[in-house]
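User: I have not seen this structure before. Please take me through it in questions and answers.

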Amino acid sequence: MTKHDKIGQALKAGQAVILPTETVYGLFARALDKEAVAKLYALKGRPKEKALNLNVASLADIYTYSTHQPPYLKRLVDHFLPGPLTIILPANDQVPVWVNAGLATVGFRMPSHPKTLAYIKDFGPLVGPSANLSGHSSGRQYEAIQQAFQQPLLGLADDAFLTGQDSTIVDLSGEKAKILRQGSITQADLQAAIPELRFED
């Protein structure tokens, strides 16, 4: 069995695995598997009220788990995804409460690492918070992450692919957009691609 197959088997079995995005490493598990997500929260020491994003592989997936999508969503996704952008939209009733902590919204990520994207396509949607213990800095070095968790985790090492900069988070759930976290994609970048995108002052 190849390493690729082992990672896939681990995801199917409800385990968490370490995979590269394009920013930092993520700790990934199947989002619709309640026990797998609970294990991931415990592994990270992450507070249960802290919601997780859905890692998806297509625009269709975003429509499956959201509602009240803006008319420019396809152009936004085509321009920036896969890539270092998290999009927050109103959640629909397909989003499990254990993913978004019962919030009215849910975040979507589509990381650009080709192998990680392939796992999302095959086994997703996946949750994939940064691969670090809660309260610690996001992980860029695979071996250091393995040591931090103090237990063997399956994963894919590709330190050279990562920028180390977190994704930009843009909230599109209100009348006007809000940038909740600034990453490499700026408000000016977003407005240049989508001129009708309006941000809160």
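The turns below go from the whole chain to single residues, and the model is predicted.

User: How many helices and strands are there in the protein chain?
Analyst: The model is a predicted one. In the protein chain, the strands number 8 and the helices number 8.

User: What radius of gyration does the protein chain have, and what would a compact globule have?
Analyst: The C-alpha trace spans about 50 × 35 × 30 Å along its principal axes. A compact globule with 201 residues would have a radius of gyration near 17 Å. The protein chain agrees with that, at 16 Å.

User: What share of the contacts in the protein chain with a separation of 6 or more comes from residues 24 or more positions apart?
Analyst: Contact here means heavy atoms within 4.5 Å. Among contacts with a separation of 6 or more, residues 24 or more positions apart account for 63%.

User: What percentage of the residues count as buried?
Analyst: A residue is buried if its relative accessible area is under 20%. The protein chain still exposes about 9700 Å², with carbon and sulfur atoms supplying 50% of that area. Of its 201 residues, the buried share is 48%.

User: How far apart do the centres of the positive and negative side chains lie?
Analyst: The protein chain has 20 positive side chains and 19 negative ones. The distance between the centres of the two sets is 4 Å.

User: Which peptide bonds are described as cis?
Analyst: Most peptide bonds are trans. Pro-82 sits in the loop between α4 and β4, and the bond leading to it has omega near -5°. Pro-125 sits in the loop between α6 and β6, and the bond leading to it has omega near 5°. The cis bonds described here are Leu-81 to Pro-82 and Gly-124 to Pro-125.

User: Is His-68 buried or exposed?
Analyst: His-68 is in the loop between α3 and α4, and its phi is near 50°, a positive value in a residue other than glycine. The cut-off for exposed is over 50% relative accessible area. Because its relative accessibility is 66%, His-68 counts as exposed.

User: What is the relative accessible area of Ala-101?
Analyst: Ala-101 also has a positive phi, near 55°, and lies in the loop between α5 and β5. Ala-101 is partly exposed, with a relative accessible area of 30%.

User: Which residue forms a salt bridge with Glu-22?
Analyst: The closest N and O atoms of the pair are 2.7 Å apart. The pair links distant parts of the chain, 87 residues apart, with Glu-22 in the loop between β1 and β2 and its partner in strand β5. Both residues are buried. The partner is Arg-109.

User: In which helix do Lys-74 and Asp-78 lie?
Analyst: The side chains of Lys-74 and Asp-78 meet in a salt bridge of 2.6 Å, N to O. Lys-74 is partly exposed, with a relative accessible area of 47%. The two residues are 4 apart, about one turn of the helix, and that helix is α4.

User: Which residue forms a salt bridge with Arg-75?
Analyst: The closest N and O atoms are 2.2 Å apart. Arg-75 is in helix α4, and its partner lies 121 residues away in the segment after α8. Arg-75 is partly exposed at 40%, and the partner is partly exposed at 39%. That partner is Glu-196.

How values were computed
Residues are numbered from 1 along each chain as its sequence is written. This is a predicted model: local features need pLDDT of at least 70, side-chain atom pairs count only at pLDDT 80 or more; totals for chains, interfaces and linings use all residues. Side-chain values use heavy atoms; hydrogens and water are left out. The radius of gyration is taken over C-alpha atoms; the globule rule is 2.2 Å times the number of residues to the power 0.38. Buried means under 20% relative accessible area, exposed over 50%, partly exposed in between (1.4 Å probe, protein chains only). Accessible areas come from the Shrake-Rupley method with a 1.4 Å probe; for residues, only the protein chains shown count as cover. Lys and Arg count as positive and Asp and Glu as negative; His and the chain ends are not counted. The place of a charge is taken as NZ of Lys, CZ of Arg, CG of Asp or CD of Glu. A salt bridge is a side-chain nitrogen of Lys or Arg within 4 Å of a carboxyl oxygen of Asp or Glu.
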